[in-house]
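Please work through the exercises below with the sequence and the model side by side, trying each task before reading its solution.

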Amino acid sequence: MTINQRFAEIVGWYGTAAIVIAYILVSFKVVPANGVIYQLLNLTGALGIVTISVVKKVKQSAILNIFWALIAAVALTAFAIQR
């Protein structure tokens with residue numbers, strides 16, 4: 001396994017953990033669904049999964065997580081504009 005592949009694996013696992021943690025935090029009302037923490041976890045998590053999906057050539061997961069990241073980015077932008 002190359003250094004780049006190892007890095008992609010780590011980033012991919014981070015992405016999975018970030019999205020699961022975001023879901024747990026919102027489900028148990030630790031953070032609000034329209035809050036920055038939730039959206040940042042979703043954005044960075046989705047980008048992590050996109051990274052490993054591209055390396056492993058899993059198109060479905062890459063496309064899903066590109067949309068996931070875009071939604072989070074738009075939500076964060078809307079949040080920033082409101083402030």
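The exercises go from the overall fold to single residues, and each task is followed by a worked solution.

Residues are numbered from 1 along each chain as its sequence is written. The model is predicted, and local features need pLDDT of at least 70, side-chain atom pairs count only at pLDDT 80 or more, and totals for chains, interfaces and linings use all residues, while side-chain values use heavy atoms, with hydrogens and water left out.

**Exercise 1. The overall fold**

Determine the secondary structure content of the chain and the order of its elements.

Solution. Begin with the DSSP runs, in which helices (H or I) need at least four residues and strands (E) at least two, with numbering from the N terminus. The chain comes to three helices and zero strands, and from the N terminus on its elements run α-α-α. Next, take the extent along the principal axes, where the C-alpha atoms fill a box of roughly 45 × 25 × 20 Å. Then turn to contacts, meaning heavy atoms within 4.5 Å: among those in the chain with a separation of 6 or more, 55% are between residues 24 or more positions apart. Finally, consider the surface, using areas from the Shrake-Rupley method with a 1.4 Å probe, for which only the protein chains shown count as cover of residues. The chain exposes about 5900 Å², of which carbon and sulfur atoms supply 73%.

**Exercise 2. Helix lengths and buried faces**

Check the end-to-end distances of H1 and H3 against their expected spans, and find which residues of these helices are buried.

Solution. The expected span of a helix is 1.5 Å times one less than its number of residues. Helix H1 (residues 3-27) has 25 residues and should therefore span 36 Å, which agrees with the 36 Å between its end C-alpha atoms. For the 24 residues of H3 the expected span is 34 Å, and the end C-alpha atoms lie 35 Å apart, which agrees.

For burial, the classes are buried (under 20% relative accessible area), exposed (over 50%) and partly exposed in between, with a 1.4 Å probe and protein chains only. Of the 83 residues in the chain, 33% are buried. In H1 the buried positions are Ala 8, Glu 9, Val 11, Gly 12, Gly 15, Ala 18, Ile 19 and Ala 22, and they pack against helix H2 (36-55) and helix H3 (59-82). In H3 they are Ala 62, Asn 65, Ala 69, Ala 72 and Leu 76, which pack against H1 and H2.

**Exercise 3. Two residues of H2**

Establish which residues Leu 41 and Gln 39 touch.

Solution. Leu 41 lies in helix H2 and counts as buried because its relative accessibility is 18%. Setting aside residues up to four places away in sequence, Leu 41 touches Tyr 14, Ala 18, Ile 19, Ile 21, Ala 22 and Leu 25.

Gln 39 also lies in helix H2 and is buried, with a relative accessible area of 12%. With the same exclusion of residues up to four places away, Gln 39 touches Ala 33, Ala 72, Ala 75 and Leu 76. A polar atom of the Gln 39 side chain lies 3.1 Å from the backbone oxygen of Ala 33.

**Exercise 4. The salt bridge**

Which residue forms a salt bridge with Glu 9?

Solution. Apply the criterion of a side-chain nitrogen of Lys or Arg within 4 Å of a carboxyl oxygen of Asp or Glu. The structure holds one such bridge, formed by Glu 9 and Lys 56, whose closest N and O atoms are 2.9 Å apart. The pair links distant parts of the chain, since Glu 9 is in helix H1 and Lys 56 in the loop between H2 and H3, 47 residues apart.

**Exercise 5. Backbone angles in the loops**

What sign does phi take at Lys 29 and Lys 57?

Solution. Most residues other than glycine have a negative phi. Lys 29, found in the loop between H1 and H2, has a positive phi of about 55 degrees although it is not a glycine, and with a relative accessible area of 72% it is exposed. Lys 57, in the loop between H2 and H3, likewise has a positive phi, near 60 degrees, and is exposed at 71% relative accessible area.

Note on methods. Polar contact = N/O pair within 3.5 Å; in protein donor to acceptor, adjacent residues only side chain to side chain.
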